[in-house]
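Work through these exercises with the sequence and the 3D view side by side. Try each task before reading its solution.

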Amino acid sequence: MMQQPAYIAVIDDDESIRESLPDLIGMFGYVARAFSSAEEYLAADLLDQTRCLVLDIGMSGMSGIELQQELTRRGRTIPIVFITAQGDEQFCRQLRRSGSVECLLKPFTDTALLDALEAVLQP
């Protein structure tokens, strides 16, 4: 059986984000898959193939922060780029200190996303 390739998971309840970010990430040379919720992502049972999460903080159901906590509880360390329309730079600094690695305020530029992905995916 062939192993699935590693990918970047985009988890956001905003359909426009789920449609646009995987294409943009693909243009950067990565493979991306989109999920509408943290619960949908966890149910897909693809933790082993995930290189990075691009994760909305404020979603209905399980929030991005709660997903990060659930991954920690499961002993999983997956780099996260949080994206949010509800925070500010101070909030992002707190997230970076918590180990999320990167946080982008919506709307963010293509370059900011690429820089964040490269920062979390560096060996």
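Buried means under 20% relative accessible area, exposed means over 50%, and partly exposed lies in between (1.4 Å probe, protein chains only). This is a predicted model: local features need pLDDT of at least 70, side-chain atom pairs count only at pLDDT 80 or more, and totals for chains, interfaces and linings use all residues. Residues are numbered from 1 along each chain as its sequence is written, and side-chain values use heavy atoms, with hydrogens and water left out.

**Exercise 1. Classify Arg 51 and list its contacts.**

Step 1. Locate the residue. Arg 51 is found in strand β3. Strands (E, at least two residues) and helices (H or I, at least four) are DSSP runs, numbered from the N terminus.

Step 2. Apply the cut-offs. Arg 51 has a relative accessible area of 35%, so it is partly exposed.

Step 3. Find the partners. Contact means heavy atoms within 4.5 Å. Leaving aside neighbours within four places in sequence, Arg 51 touches Ala 6, Tyr 7, Tyr 30, Ile 78, Pro 79 and Leu 121.

Step 4. Check a distance. Arg 51 and Ile 11 are 40 residues apart in sequence, and their C-alpha atoms are 13 Å apart in space.

**Exercise 2. Are Leu 55 and Asp 56 buried or exposed? Describe their surroundings.**

Step 1. Place them. Leu 55 lies in strand β3, residues 50-56. Asp 56 lies in strand β3 too.

Step 2. Read the areas. Leu 55 has a relative accessible area of 0%, so it is buried. Asp 56 is at 5% and therefore also counts as buried.

Step 3. List the contacts, again leaving aside neighbours within four places in sequence. Leu 55 meets Ile 11, Gly 64, Leu 67, Ile 80, Val 81, Phe 82 and Ile 83. Asp 56 meets Ile 11, Asp 12, Asp 13, Gly 64, Ile 83, Thr 84 and Lys 106.

Step 4. Take one spacing. The C-alpha atoms of Leu 55 and Ala 38 are 8.6 Å apart, with the two positions 17 residues apart in sequence numbering.

**Exercise 3. Which cysteines form a disulfide, and why does Cys 52 not bond to Cys 103?**

Step 1. Set the rule. A disulfide is a pair of cysteine sulfur atoms within 2.5 Å.

Step 2. Count. The rule gives 1 disulfide. Cys 92 and Cys 103 form it, with their sulfur atoms 2.2 Å apart.

Step 3. Place the ends. The pair links distant parts of the chain, 11 residues apart: Cys 92 is in helix α4 (residues 89-100) and Cys 103 is in strand β5 (residues 101-105). Cys 92 and Cys 103 are both buried.

Step 4. Assign the hand. The S-S torsion is about -45°, so the disulfide is left-handed.

Step 5. Test Cys 52. Its closest cysteine sulfur is that of Cys 103, 13 Å away, which is too far for a bond. Cys 52 is buried, at 0% relative accessible area.

**Exercise 4. Describe the whole chain.**

Step 1. Count the elements. The chain has 5 helices and 5 strands. Along the sequence they follow the pattern β-α-β-α-β-α-β-α-β-α.

Step 2. Judge the packing. The radius of gyration is 13 Å, close to the 14 Å that the globule rule gives for 123 residues, so the chain is as compact as a globular protein of that length. The radius is taken over C-alpha atoms, and the rule is 2.2 Å times the number of residues to the power 0.38.

Step 3. Add the totals. Buried residues make up 44% of the 123 residues. Among contacts between residues at least 6 apart in sequence, 62% join residues at least 24 apart.
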